[in-house]
Amino acid sequence: MKKRGKGIGATFYGTGYGNGFPDVSKAVVEIDKDGKVSIYSCATEVGQGAKTIMMQIAGEVLGLGVNDINFISEDTSLTQDSGTAAASRQTYNTGNAIKLAAESMKNKLLNLAKDYLKLNATLGLEMEDHKIYLKMEPEKCVYFNQLVEKENIKVSESFTAQSTQMDEETGQGSPYWPYTFNCYGVEVEVDTETGIVEVIKGVCAQDVGRAINPELVEGQIDGGFAMGLGYAIMEDLNCVNGKIHNNKFSKYLIPTALDMIDLQKIIVEDPESTAPFGAKGIGEPVMTAVTPAILNAVYDAIGVRFYEIPITPDKVLKAINDSLREGE
Amino acid sequence: MIRQCITPSTLEAVLNILDEEGKDVELIAGGTDLVIDIRNEKFKKSKLLNIAKFKLLKFININEDKTSIGSGTKFTDIVENGEVEKLFLGLWKACKSVGAPQIRNMGTIGGNICNGSPAADSVPPLLALDANLIMISKDKERVIPLREFYLDKGRVDRREDELLYAIKFNTLKRNEGIAFEKLGLRKALAISRISCSIYIQLEKNDYIKNIRIATGALGKYPQREVELECMLKNQEISTGLLNTVSKHMSHIVEQRLKGRSSMHFKRSAISGLFIKTCKDAVEEAKKNV
């Protein structure tokens, strides 16, 4: 018999290394004699879209499109350290460093433009498409390349996140900042004869601070859901006496495209004041609440609580049979 | 280590090589299993005989009485054949459940049979169809029932000089149907935990005139469940009867897999799978009017 159930899971997640550990990102912005803008920052792209949004952040500040920016990353001979692509910290940390560097470059350019155009102040100067112009008198304008003399213009900025070490005795402190909140709702169908759990519907509400790139946010939610789904019902190391038996992908099963569902996504935007344009990282948060939601839905369907994952068909079937026996 | 890979241009040449040095060569068609063995250094022979490109081995012929499928036919070709889907839904479903599109584009039905895997997806429906294998060698042709082909896990009755040429079975007629169900742990690229295929011939709606049941991954090789067939043959189909038979099936599985960690799960899961397959087969038989 197939039984259906619904469940939700909600989590909040602290971004960054946390607990007072130095969490530093660095970025350099450079403009060469052709007026071309390059950014040097080591935000590793692991498929999450770091490169795209880092260029968007800089572009937003400098009035450029992502195609106008030469982004140099993942090359330690050219870039300074921006920490790991971990702890869901790149958007917040490196994003902040890049924003700071771009702003600092903008200031520098505006001051150079003020002198070049023989103006009294930088007030009213706009930046767009490699060009700086006076809004009230647009013919007073100068291009980036006209401002670069013998040497490339280069600025460097660094961002350090704020967190304090937690008091081990009292548990008090501010070990993380910022936090990200989310909630998943799923509907499952449990086949009580085979123990197979199928997730048939799902919805995710994810707080992102600000979605710098909504499509990438949705992609990350899909990816996180797939990982959480595998975590809940498939991925089994089968570790016996310290030996991993499922040591290849023919045995260690992860979801395929056919196992994925068409997930409904709700992006919740509540800009974080210390974040670049309010944006927070969601790499890990999008995964954490999936498994509890699935386990709650399974409980709703068959009345059995699981305290160990993954709930593979053999475990589900055994639990159903055990609970029937107890009932008798 | 492989020292030589031969790709003959005629079937005759293939049979000659098999005749002369059959024990040293391994046939390769789709290679979806063999290549993995080679990579894992599990492959011991020194020569590969490549028959992947032989058009002569790729055919699906459906006549009024007999249907034959060439051993080199790829799963994709079977899945894309509308006649197979219409007449032999169970076989079609089994072929569709093989791996993923990439594997179905490479893997052949002959390879699936000869590889001797207990979990081979296409074998239970072919067993349920009571298929015969046509084995050819340099100057002989031998016909062997598929159910007698399996000797042990990974061991089949293919002689060193033989090539599986085609699989042949009766074309289904009025009141006949075949169904297939597979229990995998995900929806693609899943190795069968259990599979079941049932052929049924009905008379007067719900009377089972003939039935053949085959299972996969419940023993050393895919096999016919003759005991169950006897319980169902010449019986009026009913929920009560199906429940009794499925309980007996669980009992058989328990005996067969005694001592294995998968026994508890398979014993329990087979009964639902069996009933579902049986109902599907009945439905198919009623459809093929």
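**Exercise 1. The annotated domain of chain B**

Find which residues of chain B carry the UniProt feature "domain: FAD-binding PCMH-type", and describe that stretch in this predicted model.

Solution. Start with the record: an unreviewed UniProt entry places the feature "domain: FAD-binding PCMH-type" at residues 1-174 of chain B. Next, take the secondary structure of that stretch: over residues 1-174 of chain B, 31% is helix and 25% is strand. Last, take its two ends: their C-alpha atoms are 52 Å apart.

**Exercise 2. The overall form of each chain**

Decide for chain B and for chain A whether the radius of gyration agrees with a compact globule or is well over the value for one.

Solution. Begin with chain B, which has eleven helices and 15 strands. For its 289 residues, a compact globule would have a radius of gyration near 19 Å; chain B has 19 Å, so the two agree. Its C-alpha atoms fill a box of roughly 60 × 45 × 30 Å along the principal axes.

Now take chain A, with seven helices and 13 strands. Here the globule rule gives 20 Å for 328 residues, but the radius of gyration is 25 Å, so chain A is more spread out than a compact globule. The box filled by the C-alpha atoms of chain A is roughly 90 × 40 × 40 Å along the principal axes.

To finish, note burial and contacts. In chain B, 44% of the 289 residues are buried; in chain A, 40% of the 328 residues are. Of the contacts in chain B with a separation of 6 or more, 63% are between residues 24 or more positions apart. For chain A, residues at least 24 apart make 75% of the contacts between residues at least 6 apart in sequence.

**Exercise 3. A covered helix**

How many of the eight residues of helix H5 (residues 89-96) of chain B are buried, and what covers them?

Solution. Count first: seven of the eight residues are buried, and H5 of chain B is mostly covered. The buried residues are B:Leu89, B:Gly90, B:Leu91, B:Trp92, B:Lys93, B:Ala94 and B:Cys95. Then look at the surroundings: the covering elements of chain B include helices H3 (75-79), H4 (82-87), H8 (123-128) and H11, and strands E11 (176-183) and E12 (194-203).

**Exercise 4. One residue of helix H8**

Is B:Val123 buried or exposed, and which residues does it touch?

Solution. Place the residue: B:Val123 belongs to helix H8 of chain B. A residue is buried if 20 or more other C-beta atoms lie within 10 Å of its own. B:Val123 has 30 within that distance, so it is buried. Leaving out residues up to four places away in sequence, B:Val123 touches B:Asn112, B:Ile113, B:Gly216 and B:Pro222. As a check on distance, the C-alpha atoms of B:Val123 and B:Glu148, 25 residues apart along the chain, are separated by 12 Å.

**Exercise 5. Two strands of chain A**

Which way do strands E3 (residues 37-40) and E4 (residues 69-72) of chain A run, and what is the hand of the crossover between them?

Solution. The two strands run parallel and are joined by four bridges. A:Tyr40 stands opposite A:Ile72 in E4 of chain A. Between E3 and E4 of chain A the chain passes through helix H1 (residues 50-62), giving a right-handed β-α-β crossover.

**Exercise 6. Where the chains meet**

Describe the side of chain B that touches chain A.

Solution. Count the contacts: 13 residues of chain B are in contact with 15 residues of chain A. Helix H11 (residues 263-287) of chain B gives the most to this side, with seven residues. By type, the residues on this side of chain B are seven nonpolar, four polar and two charged.

Definitions and conventions: Residues are numbered from 1 along each chain as its sequence is written. Chains are lettered from A and ligands numbered from 1 in the order in which they are written. This is a predicted model: local features need pLDDT of at least 70, side-chain atom pairs count only at pLDDT 80 or more; totals for chains, interfaces and linings use all residues. Two residues are in contact if their C-beta atoms, placed from the backbone, lie within 7 Å. Ala, Val, Leu, Ile, Met, Phe, Trp, Tyr, Cys and Pro count as nonpolar, Asp, Glu, Lys and Arg as charged, and the others, Gly among them, as polar. Two strands pair if DSSP finds at least two bridges between them. A crossover is right-handed if, with the strands pointing away from the viewer, the path from the first strand over the helix to the second runs clockwise. UniProt positions are given in the numbering used here, feature names are shortened, and annotations may be inferred rather than shown by experiment. The radius of gyration is taken over C-alpha atoms; the globule rule is 2.2 Å times the number of residues to the power 0.38. A residue is buried if 20 or more other C-beta atoms lie within 10 Å of its own, exposed if 12 or fewer, and partly exposed in between; C-beta atoms are placed from the backbone.
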